[in-house]
Amino acid sequence: MRRVFGVKKDKEPPPSINDASDRINKRGETVDEKIKRLDAELARYKEQIKKTRPGPAQEAVKARAMRVLKQKRMYEGQRDMLYNQTFNLDQVAFASEGIKDAQQTMSALKSANKELKGMMKTVKIQDIDSLQDEMMDMMDISNEIQESLGRSYSVPDDIDEDELLGELDALEADMGQETEGEGVPSYLQPDNEPDLNEELNLPSAPSGQAVPAGRVNNNQAVDEHGFPAVPHASLRN
């Protein structure tokens with residue numbers, strides 16, 4: 001049977017956009033190389049035309065140059081067509097990549113949405129509200145415990161606050177009367193202690209001026225500057 005009908009061949013997968021783009025780029029490179037060779041040949045013909053005198057020989061060179069120029073124009077047209085195809089393939093590839101990115105984004109969003117729904121089932125607003133109420137009650141109880149523990153045992157509970165306020169006002173009035181009777185505070189009053197020099201009865205320091213002759217004691221000798229002479233101790237033999 002296989003000999004009669006043959007074996008069914010597997011279909012080749014269609015080329016991808018990248019494969020088609022690579023193939024076109026290779027063709028474009030081949031065309032560019034041909035155009036470069038034709039440009040070099042045209043340059044050589046131009047030099048021959050300049051060196052050749054007008055006549056049949058120059059016309060033959062011009063004819064060959066025209067043929068090369070036509071080939072160059074043809075290859076340039078093919079190159080432009082290949083460039084347009086490459087541009088179209090790039091646009092399609094860009095659009096395809098955009099669609100793939102959108103598909104991945106949608107898949108990620110669906111997965112996240114499913115996960116969030118599962119998490120929301122375990123968390124209820126009523127449970128959160130009741131938990132907050134319990135926490136507030138516990139905080140109030142804690143504050144009451146702290147206040148109870150912080151009370152002083154030495155202060156009786158039956159003290160009249162109005163009586164304490166009256167005593168405080170009387171104490172402030174007494175302090176005001178003492179302040180008015182003293183007038184100036186003690187730390188601002190002048191010092192009434194006796195002078196140390198008067199208490200010790202010490203002579204005043206000399207002023208540096210000579211004592212007038214009328215004031216000098218006649219019985220006391222003076223030196224050459226007018227000051228009382230210092231008595232010299234007598235030396236005994």
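How many aromatic pairs does the count come to? In this predicted model, the count comes to zero. An aromatic ring does take part in another kind of arrangement, though: the charged end of R44 sits over the ring of Y45, at 5.5 Å from the ring centre.

A good place to begin the wider picture is helix α2, which covers residues 17-51. With 35 residues at 1.5 Å a residue, α2 should span 51 Å, and the 52 Å between its end C-alpha atoms agrees with this. Along α2, the buried residues are S21, I24, G28, V31, I35, L38, L42 and Y45. An α-helix has 3.6 residues a turn, so residues three or four places apart point the same way. Part of the cover over the buried residues of α2 comes from α3.

S21 offers a closer look at this buried set. The residue has a relative accessible area of 9% and is therefore buried, as the cut-off is under 20%. Apart from neighbours within four places in sequence, S21 contacts T86, L89 and D90.

One of these contacts, L89, also belongs to the largest nonpolar core, a set of 12 residues. Its other members are I24, V31, I35, L38, L42, Y45, V61, A65, V68, Y75 and L82. Both α2 and α3 (56-122) contribute to this core, each with at least two residues. Within the core, V61 and Y45 are both members, and V61 touches Y45 along with Q48 and I49, when residues up to four places away in sequence are not counted.

How values were computed. Residues numbered from 1 in each chain as written. Predicted model: local features only at pLDDT ≥ 70, side-chain atom pairs only at ≥ 80, totals over all residues. Heavy atoms only, no water. Helix = DSSP H or I, 4+ residues; strand = E, 2+ residues; numbered from the N terminus. Buried < 20%, exposed > 50% of the residue type's maximum accessible area, 1.4 Å probe, protein only. Contact = heavy atoms within 4.5 Å. Phe/Tyr/Trp six-rings, centres within 6.5 Å; stacked < 30°, edge-to-face > 60°. Lys NZ or Arg CZ within 6 Å of the ring centre and 35° of its normal. Core = buried A, V, L, I, M, F, W, Y, C linked by side-chain atoms within 4.5 Å. Expected span 1.5 Å × (residues − 1).
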